[in-house]
Amino acid sequence: MIDSLLLKLIEQESNSENIEAMTADGFEQPSFYDHWILPLRYVLAMRYIKHKKAVLGTFKTQGIYPVFRRDFIGAMQQRLQQKVWFRDGIMPSTLLSPLSKVIFYPLIIAGLLIGSWQAHTWYVNKNMHLALADRMPYYSELLHQALVAKQYAAQKPLEEILAKAELEKQHIVSLVPNKGGVRTEMERALSSMQDDTLSSAEVMIFFKRLNAEMDIQNLPYYMSPKLFTDECSSFAPGVDKEENAIINLLSRLLNEQKVDDSVPLCRTGIITVYKVQDRKALDYIEDNLEDEELPLYHVYRADRVPAADGALGLTFKSQGIGSLILLDQIKRFSEQSVLPALTFQGRSFIIPYWLQGYYDIEENITKNYKSDITELFSSPESLKLLRSAAKEMLLDQQHLASSRMQQTLQRSLPATSSEGALDVISGMMDTLREPKPQPAQKAAKAELEKLMTSLLPSIEYHEAYHQIEKGDWKEPSWVAEEFSSLSERGVESSLEELGAYLTQLVYTDSNHKVWLTKLLLFSINSMTQGQPEYYASSVIFSAMQDTYLLQDISPNHRLTVDEKVEIYKALSTYNISELQDMAKVVFEALFERPVVTLQ
């Protein structure tokens with residue numbers, strides 16, 4: 001390449017005084033090549049001197065002296081043409097142009113600037129991950145320790161713990177990028193966790209503002225406090241309840257809080273941190289109104305708290321922004337609760353423990369899961385890879401058993417009090433070691449990713465529905481009688497889940513039998529009776545039965561288990577478009593309004 005460049009330069013300078021045979025010339029000086037970077041100048045000069053010495057030596061051997069300039073240039077060109085790599089019009093200057101000083105040095109400066117920016121970004125991200133994923137759980141733990149110390153009336157330890165918590169809070173805030181109002185909102189949100197005068201809803205609002213600011217500043221994290229309220233005495237085992245009540249009464253009086261005769265309640269919790277992998281959105285379209293964006297955050301858990309979320313998605317409505325699509329849980333559900341259906345041995349792991357022995361239901365669920373997987377993967381090779389991966393996963397019996405327990409105890413809504421003990425147990429099932437990837441799972445990586453991804457749209461529609469404000473929606477006429485035993489909050493939550501699952505079915509274009517199975521398990525699980533999911537799923541099965549029997553829809557959540565199983569079997573025979581049409585009819589009949597438009 002150097003010889004090619006020299007040849008080009010000699011051709012350009014053949015009529016100038018820069019090239020001479022019998023005296024030193026310009027080509028021998030590095031300064032002649034001043035439009036190239038410094039190292040290349042010396043290489044070109046030394047290369048030219050080497051060729052000049054060889055050409056003059058040839059003339060000397062032939063007894064030619066002196067050597068005329070014209071003959072020297074011709075011999076030099078002939079020698080260089082034998083050395084060049086590039087012919088047919090390909091110019092070496094084109095390939096060496098980045099080494100030109102007008103290009104190279106600006107590129108070096110640009111590279112240093114970009115590298116510095118990337119190093120800074122890496123450092124900022126590392127600090128933020130340290131603050132949120134590593135330090136935040138410790139801060140939550142300190143607050144819980146402070147609550148326990150307070151219940152034991154241990155004043156000195158309480159002061160020491162609160163001092164540590166304050167230092168930890170300042171440390172966390174200092175590690176967060178100083179962009180916009182992020183640090184201010186972070187400090188307010190963390191401080192709200194210590195404020196007994198605030199309700200849980202008010203604490204959530206502080207974190208809503210923090211998440212909104214981080215979203216504006218493009219910081220890929222989402223924070224959510226998981227709050228639990230219980231009798232204060234439960235945090236101090238062994239302490240007399242009356243003595244504990246007096247301590248809390250005095251504390252409330254000193255803080256000028258409202259005092260009543262009810263059992264004193266205390267709040268504890270932990271701040272969970274999610275890493276946002278992607279931000280998507282659906283638009284809610286309503287006649288005569290501007291389209292409303294419904295944000296959807298695809299997230300992974302970033303903290304190291306040994307507890308998993310119980311649901312596949314979370315929406316906090318007015319107490320949060322957007323919805324969380326929990327990729328960890330969806331991946332776990334697809335691989336450990338759906339995929340095993342491809343193997344005979346795996347069918348016992350895809351059903352909850354309380355269904356063990358109901359072989360007819362087990363057979364139908366397995367058949368439906370296998371049907372959805374087969375529809376998704378038309379290639380026999382893909383199915384073979386997935387089957388091998390499923391068999392390999394079955395070797396980790398302990399981990400699959402934890403997934404089965406999660407299926408048994410799972411709910412859609414997060415717990416807010418000690419009544420959510422089942423959710424806590426379900427979440428703690430995730431403390432078991434994640435199995436290391438095995439060869440068959442690595443070979444089926446693309447297929448496993450596709451299986452998980454196919455579940456996402458349906459969950460997105462479900463969670464997006466929860467974001468819609470329904471304050472001006474009229475309560476359906478059948479609700480007063482059918483949900484007469486429910487509280488106002490219970491009715492609202494049941495209608496929310498009812499609408500979300502029907503919307504999910506309306507827009508679902510794959511894995512519809514997986515979601516029908518989800519509804520079945522909610523509707524016949526004795527552990528979910530009295531929960532919104534139980535009422536919603538039961539009403540859906542009742543209404544769909546009326547629809548395919550061509551009867552007037554009459555909601556009835558009191559169907560027997562056998563009746564629900566028969567409805568499930570019947571619905572499993574319908575294709576996707578038929579189920580979508582049926583779900584649309586049911587939604588409009590139950591809510592007495594058109595299906596919501598999401599796109």
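**Exercise 1. Strand pairing around β2**

Over how many bridges do β2 and strand β6 pair, and in which sense?

*Solution.*
Step 1. Find strand β6 at residues 597-598. β2 and β6 pair in the antiparallel sense over 2 bridges. This model is a predicted one.
Step 2. Pick out a facing pair: Y284 stands opposite L598 in β6.
Step 3. Now turn to strand β1, residues 221-231. Strand β1 runs antiparallel to β2, residues 265-285, and 11 bridges join the two. Within this pairing, F228 has T268 in β2 as its bridge partner.
Step 4. Finish with strand β3, residues 292-301. β2 and β3 are joined by 10 bridges and run antiparallel. Here D283 stands opposite E293 in β3.
Step 5. Look at the hairpin of β2 and β3. There are 6 residues between the strands, and N288 takes a positive phi near 65°.

**Exercise 2. One face of a helix**

Which residues of helix α7 are buried, and why do they line one face of the helix?

*Solution.*
Step 1. Locate helix α7 at residues 182-192.
Step 2. List its buried residues: V182, E185, M186, A189, L190 and S192.
Step 3. Look down the axis of α7. The buried residues fall within an arc of 155°, so they line one face of the helix.
Step 4. Recall the general rule. An α-helix has 3.6 residues a turn, so residues three or four places apart point the same way.

**Exercise 3. Buried or partly exposed?**

Classify T547 and Y574, then state what each touches beyond four places in sequence.

*Solution.*
Step 1. Place T547 in helix α20, residues 532-548.
Step 2. Apply the cut-off. T547 has 17% relative accessibility, and buried means under 20%. Therefore T547 counts as buried.
Step 3. Leave out residues up to four places away in sequence. T547 then touches I553, M582, V585 and V586.
Step 4. Place Y574 in the loop between α21 (561-571) and α22 (576-591). At 23% relative accessibility, Y574 counts as partly exposed.
Step 5. Set aside neighbours within four places in sequence. Y574 is then in contact with H512, Y548, L579 and M582.
Step 6. Check the spacing of one pair. Y574 and H512 lie 62 residues apart in sequence, yet their C-alpha atoms are 9.8 Å apart in space.

**Exercise 4. Backbone angles in loops**

Is N218 buried or exposed? Is N511 buried or exposed? What are their phi values?

*Solution.*
Step 1. Start with N218, in the loop between α8 (200-216) and β1. Its phi is near 60°, a positive value in a residue other than glycine.
Step 2. Read its accessibility. N218 stands at 66%, so it counts as exposed.
Step 3. Go on to N511, in the loop between α18 (488-507) and α19 (512-524). N511 has a positive phi of about 60°, although it is not a glycine.
Step 4. Read its accessibility too. N511 is buried, with a relative accessible area of 4%.
Step 5. Add a peptide bond. The bond from Y65 to P66 is cis, with omega near 0°. P66 sits in the loop between α2 and α3 (69-83).

**Exercise 5. A surface patch**

Which residues make the nonpolar surface patch of about 340 Å²?

*Solution.*
Step 1. Name the residues: L38, Y42 and M46 make the patch.
Step 2. Place L38 in helix α2, residues 38-61.
Step 3. Check L38 for exposure. L38 is partly exposed, with a relative accessible area of 44%.

Methods: Residues numbered from 1 in each chain as written. Predicted model: local features only at pLDDT ≥ 70, side-chain atom pairs only at ≥ 80, totals over all residues. Heavy atoms only, no water. Patch = residues over 30% accessible without salt bridge, like charges linked within 9 Å, V, L, I, M, F, W, Y side chains within 5 Å. Areas by Shrake-Rupley, 256 points an atom, 1.4 Å probe, with all protein chains shown as cover. Salt bridge = Lys/Arg side-chain N within 4 Å of Asp/Glu carboxyl O. Helix = DSSP H or I, 4+ residues; strand = E, 2+ residues; numbered from the N terminus. Buried < 20%, exposed > 50% of the residue type's maximum accessible area, 1.4 Å probe, protein only. Pairing = 2+ DSSP bridges. Contact = heavy atoms within 4.5 Å. Arc of directions from axis to C-beta.
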